[in-house]
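Hi,

Here is the structure I promised to pass on. Have a look at it first, and my notes follow underneath.

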Amino acid sequence: MLSRMLGFGRRSFSTLSEQEILALAISSEEDDGRIYRSYADGIREQFPQSAKIFDEMAEEEDGHRAALIDLHRKRFGERIPLIRREHVRGYYERKPDWLVRPLGIDHVRNQAEEMERQARLFYSEAAKQTPDAATRKLLGDLEAAESSHETLAHKLGLTHVNEDVKAEEGETERKQFILTYVQPGLAGLMDGSVSTLAPIFAAAFATHDTWQTFLVGLAASIGAGISMGFTEVASDDGRLSGRGSPIKRGLTTGIMTALGGLGHALPYLIPHFWTATILAGFIVFVELWTIAYIQKRYMETPFMRAAFQVVLGGALVLAAGILIGNA
């Protein structure tokens with residue numbers, strides 16, 4: 001791993017022969033075509049118009065590869081050396097689609113343009129290193145194709161993805177983000193912030209021991225996070241509801257639940273009881289108003305109604321904890 005990171009065992013681009021440069025170009029075009037097809041398959045269900053862009057980009061890469069193979073056949077014969085990106089020091093790398101999922105629509109469009117830019121730079125440098133006229137012409141033509149005034153992604157976007165389609169796809173992606181992350185995270189934050197109020201403040205006022213109160217809060221927060229996370233995973237696999245991966249939702253819910261409880265448990269690491277309690281109360285106030293803001297921002301709930309529901313509910317649970325602790 002270390003040798004790969006430092007470039008040991010790799011060839012410098014300047015040492016490649018013309019045949020090796022052509023072989024590298026062929027393998028690169030083949031990889032890019034596969035990546036574009038993976039992008040198309042990954043977004044086809046939600047963004048069919050944009051998927052057409054990547055289908056056509058893959059076909060374009062196939063055309064480049066075929067032209068390069070024909071040239072190699074004429075100059076060097078049928079045997080193409082095995083040389084790939086990872087064999088060349090400093091050569092640009094490509095991340096397969098399974099490493100960059102989820103495939104956000106803007107992300108894959110930007111990734112496609114970056115791929116085109118890197119390919120243009122490669123053909124520019126390769127042409128400088130090739131004395132053969134026919135090879136230089138082909139590499140120059142490919143450089144021009146990659147560096148045209150409008151990138152292929154942009155040109156195909158004008159054909160398949162107008163502004164209305166882009167707006168529709170953006171709204172679809174936003175809804176998916178809300179279903180997969182915002183809703184589970186909000187549910188977890190609400191549960192963690194509100195449900196742990198009673199045990200934490202009951203323990204605080206019953207014992208006046210900040211360390212014991214912190215331990216109660218830590219146990220309640222982590223326990224609630226684990227419980228909520230597993231509940232979210234088990235409740236819906238996301239296939240029919242369209243809510244996305246249950247693992248992602250479960251992790252989001254569990255983490256936000258734990259954070260919601262830890263927010264007002266951590267102040268009890270302060271040894272002074274009233275200092276810790278006042279700080280915890282202030283954090284509770286911030287948590288509840290943050291929940292109300294998120295409901296307004298993403299769930300389109302009127303702010304005052306959200307604030308009334310969350311703050312009133314939290315206040316009642318807090319009061320219950322204090323009363324029980326003083327009983």
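Setting aside residues up to four places away in sequence, T257 touches G188, L189, D191, G192, A224, G225 and M228. Bear in mind that this is a predicted model, here and in everything below. T257 sits in helix α10, which covers residues 246–263. Its relative accessible area is 0%, so T257 counts as buried.

T180 is another threonine I looked at, this one in helix α7 (residues 163–195). With a relative accessible area of 5%, T180 is buried. Its contacts, leaving out neighbours within four places in sequence, are R243, G244, K248, R249 and T252. There is also a long step in sequence here: T180 and S245 are 65 residues apart along the chain, yet their C-alphas lie 7.2 Å apart in space.

Then there's E287, in helix α11 (residues 273–299). Is this glutamate buried or exposed? At 10% relative accessibility E287 falls under the 20% cut-off, so it counts as buried. Its side chain makes a polar contact of 2.9 Å with the side chain of H264. H264 also turns up among the residues E287 touches beyond four places in sequence, together with S193, L259, G260 and G263.

On to the nonpolar packing. The largest nonpolar core has 21 residues, and the ones with the most contacts inside it are F13, L16, L24, L68, V88, F122 and Y123. Which elements give two or more residues to this core? They are α2 (18–43), α3 (48–76), α4 (105–128) and α5 (133–146). Of these, α2 gives the most, with six residues. If you want one residue to start from, try L24: outside its four-place neighbourhood in sequence, L24 is in contact with F13, L16, I83, R84, R85, V88, Y91 and F122. There is a second, separate core too, made up of 18 residues, including A204, F205, Y268 and V310.

Last, a word on α3. This helix has 29 residues, and the distance from its first C-alpha to its last is 41 Å, close to the 42 Å expected at 1.5 Å a residue. Its buried residues are S50, A51, I53, F54, M57, A58, E61, H64, L68, L71 and H72. L68 is also one of the best-connected residues of the largest core. Just after α3 comes G77, with a positive phi of about 95 degrees.

Over to you!

Definitions and conventions. Residues are numbered from 1 along each chain as its sequence is written. This is a predicted model: local features need pLDDT of at least 70, side-chain atom pairs count only at pLDDT 80 or more; totals for chains, interfaces and linings use all residues. Side-chain values use heavy atoms; hydrogens and water are left out. Helices (H or I, at least four residues) and strands (E, at least two) are DSSP runs, numbered from the N terminus. Buried means under 20% relative accessible area, exposed over 50%, partly exposed in between (1.4 Å probe, protein chains only). Contact means heavy atoms within 4.5 Å. A nonpolar core is a set of buried Ala, Val, Leu, Ile, Met, Phe, Trp, Tyr and Cys residues joined through side-chain atoms within 4.5 Å. The expected span of a helix is 1.5 Å times one less than its number of residues. A polar contact is a pair of N or O atoms within 3.5 Å; within protein, one must be able to donate a hydrogen and the other to accept it, and residues adjacent in sequence count only if both atoms are side-chain atoms.
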